[in-house]
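This briefing introduces two topics, the surroundings of one strand and a set of charged pairs. Please look through the sequence and the model before reading on.

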Amino acid sequence: MNLTRYGAAGFATALLLTGCGSDSPDSSGTSGPSTALSGTVAVGAPITDGTLRVLDATGTVVASGIAVHENGTYTIPELTGTAPFRIEACGYAGANYLCIYSVTQGPGTANVTPLTTATVLLASGQAPADLMDGSNTALSATAVNDAQVTLRDGLASVLAAGNVPASFDFVGGALDAGSRTGYDKVLDAIGVNTGVDQSKPFVQITPRLGTGNLYLEQGVKVGTLTADAGAGSLSLAGLETLFRNMSAAFASSTACSNPNTGIRASLASAARISSEDGESLSGPADVATGLCTMFAEQEMFGSKLLSPTLGRCDLTGANPVCRVSFVIQGLDGGVEPVGQGMGVTQEAGAWKFVGDLDGIGVHASAKAQRDVRLDGDTPVYSYSRAIAFDIPAVTGVACAKITQRGPDGENVTIAYYKRFATGTVRRLSLWQENGYSNTRSLDRNVGALRSADDTWVALPEGTSGDDVVRNFFRGGRSVTVTTYSDASCDTPFAAGDLPNPSFEVEVEGVPPLWAAMPNMPWPELTPAARLNLLTFSLAANAETDFTPAWTFPRGPLGLNGSTFCTDRARCGQDDIGRIGEGRVSAAATSTTVHLRNGSTALAAGDYKMLALYGRTADGVDLQSNAIVCPPGTVECH
């Protein structure tokens, strides 16, 4: 676990949802059919700050802003309008802000889960977010039933391991959010993602308690999932107890260090964490001290650990080991991840926190960026995408190879990373074609290193970049990292905490296909905000507030931060070109950034960049830059 937080993520408060769809007496005292709609929202962990809205077949919004409750339930007292009804629930799952979808033909019970999202897509042949606009009658009872049959067929092994009937109804069936049993355990056991490839919406389901990869389009099924032999007997219910106990320990410095009930009591015997500078702590005593110190230094005491989302589990050893999210909700309601590659294990039947599962804590994440030039007659858009691999420069490691599974199971090399200098460096750098480009070299013996901090693998426009993305869709959403002790990448590295030179790392998100880049959920500045940025000026050594506003024309995005820069080359953390930064709530459509200018006055026509940062539902980091650039400025080309 890295003792530096990876970044802020919006503001949040409530969790999940419930149902009460039975008949009730009418005003005359006789029993009549209920007009209420209720159900449960779950993703394998509670949704934080969840709200729900419903559209009928004509596109009329018949319910909106419906709050969700901590036990996972929601209730709409009276459902009116024309069937079928489309349902959308949005909130945080772990650190990601997402929306999931469902459908109902009328009052009663309608759960909202990743599997009902998949049902909606397969029944309609449309991306769920698109389905929430305008009139639509595609979600007939027959279409929904056929879609569920397809899903149940592909998930037969997973349903059996969860002790869920093969004919289970994902929309109307019993669901106890947070119980980690039955339907809720099935949601824990899989990852469900949706996307669009060559105009065809698809569902991808990856296993967390098994093997395989399931790819579905309307009328198309590729691959299968197989549950691990021990998946059926694995009890996940104790995860909630573990995280409640850890939250209690993080209430204060005194609670954290308590010898009986403090954080040490929740740690596994093999607990370990590592800091950003490479320092490693092992054993419950040292790890407990390190965690308490981190929470004190970063003023996080009083924060609450959110119910964990499950990652891949290894059931081959004496005790199960599972990857989990490690996300806090601060006193201000902000939701924030506190590390990558965290894990838990069972000792004597109780779940305990391990911390770092990998000998090398590699952080892998997808990136997408949009620049909007506002200084011409019309806005000019440009895009880029990448996968960032943060690979610590562990002593003795000189090279790392990143591979992914191709659609037929073959290994496909994504990139090589090498040590930039023989002295102290924090991470390995991308092996590139030459020392002045940022194009990766796929020849381990031919290339160069450009700097000590090149972590992004830029994916080019068109087919060559799209091939990498499609491999994630059809081959699974993880990569294999193989480490070597020599710069020629010949001798596998094995020492200390890394007995195996190769290990899997899950990638947070998948970069978009190139054709999908313009349709990502980019925040669009309002006309007034664009004009304000164009005309904005600030005297030397002056302070003021800048308040931009925006809309989300293509669906919601989990915004988490903003920056204001006057020099693109000097816009890094604490750099002189960054004159303002701030956190942003996921639900907000405006923010206030406090600016402190340096010794040079900022004129209306000078370079300015307002950046808004966010995260998509499956973890892609988005950065949208609104730029004002005077003609002839080199850094704008």
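A salt bridge is here a side-chain nitrogen of Lys or Arg within 4 Å of a carboxyl oxygen of Asp or Glu. By that criterion the structure, which is a predicted model, holds 23 salt bridges. Several of these pairs are described below, after an account of strand E41, which covers residues 621–628.

**Strand E41 and its partners**

- Eight of the eight residues of strand E41 are buried, so this strand is largely enclosed by the rest of the structure.
- In a regular strand the side chains alternate between the two faces of the sheet.
- In E41, Asp 621, Gln 623, Asn 625 and Ile 627 point one way, while Leu 622, Ser 624, Ala 626 and Val 628 point the other way, and the residues of both sets are all buried.
- Strand E26, made up of residues 363–373, runs parallel to E41 and is joined to it by seven bridges; within this pairing, Arg 373 stands opposite Ile 627.
- Strand E40, made up of residues 608–615, pairs with E41 in the antiparallel sense over eight bridges, and Lys 608 has Val 628 of E41 as its bridge partner.
- E40 and E41 form a hairpin with five residues between them, and in the turn Gly 619 has a positive phi of about 100 degrees.

**Salt bridges with two buried partners**

- Arg 180 forms a salt bridge with Asp 188, with the closest N and O atoms 2.8 Å apart, and both Arg 180 and Asp 188 are buried.
- Arg 385 forms a salt bridge with Asp 466, again with 2.8 Å between the closest N and O atoms; this pair links distant parts of the chain, since Arg 385 lies in strand E27 (residues 380–390) and Asp 466 in helix H9 (residues 463–475), 81 residues apart.
- Arg 385 and Asp 466 are both buried.

**A salt bridge from a loop, and a network**

- Arg 427 forms a salt bridge with Asp 390, the closest N and O atoms being 3.1 Å apart.
- Arg 427 lies in the loop between strand E29 (411–418) and strand E30 (429–430), whereas Asp 390 belongs to strand E27, so the pair ties together parts that are 37 residues apart in sequence.
- Arg 427 counts as buried at 12% relative accessibility, whereas Asp 390, with a relative accessible area of 22%, is partly exposed.
- Lys 367, Glu 508, Arg 615 and Asp 621 are joined into one network by salt bridges that share partners.

Conventions. Residues are numbered from 1 along each chain as its sequence is written. This is a predicted model: local features need pLDDT of at least 70, side-chain atom pairs count only at pLDDT 80 or more; totals for chains, interfaces and linings use all residues. Side-chain values use heavy atoms; hydrogens and water are left out. Buried means under 20% relative accessible area, exposed over 50%, partly exposed in between (1.4 Å probe, protein chains only). Helices (H or I, at least four residues) and strands (E, at least two) are DSSP runs, numbered from the N terminus. Two strands pair if DSSP finds at least two bridges between them.
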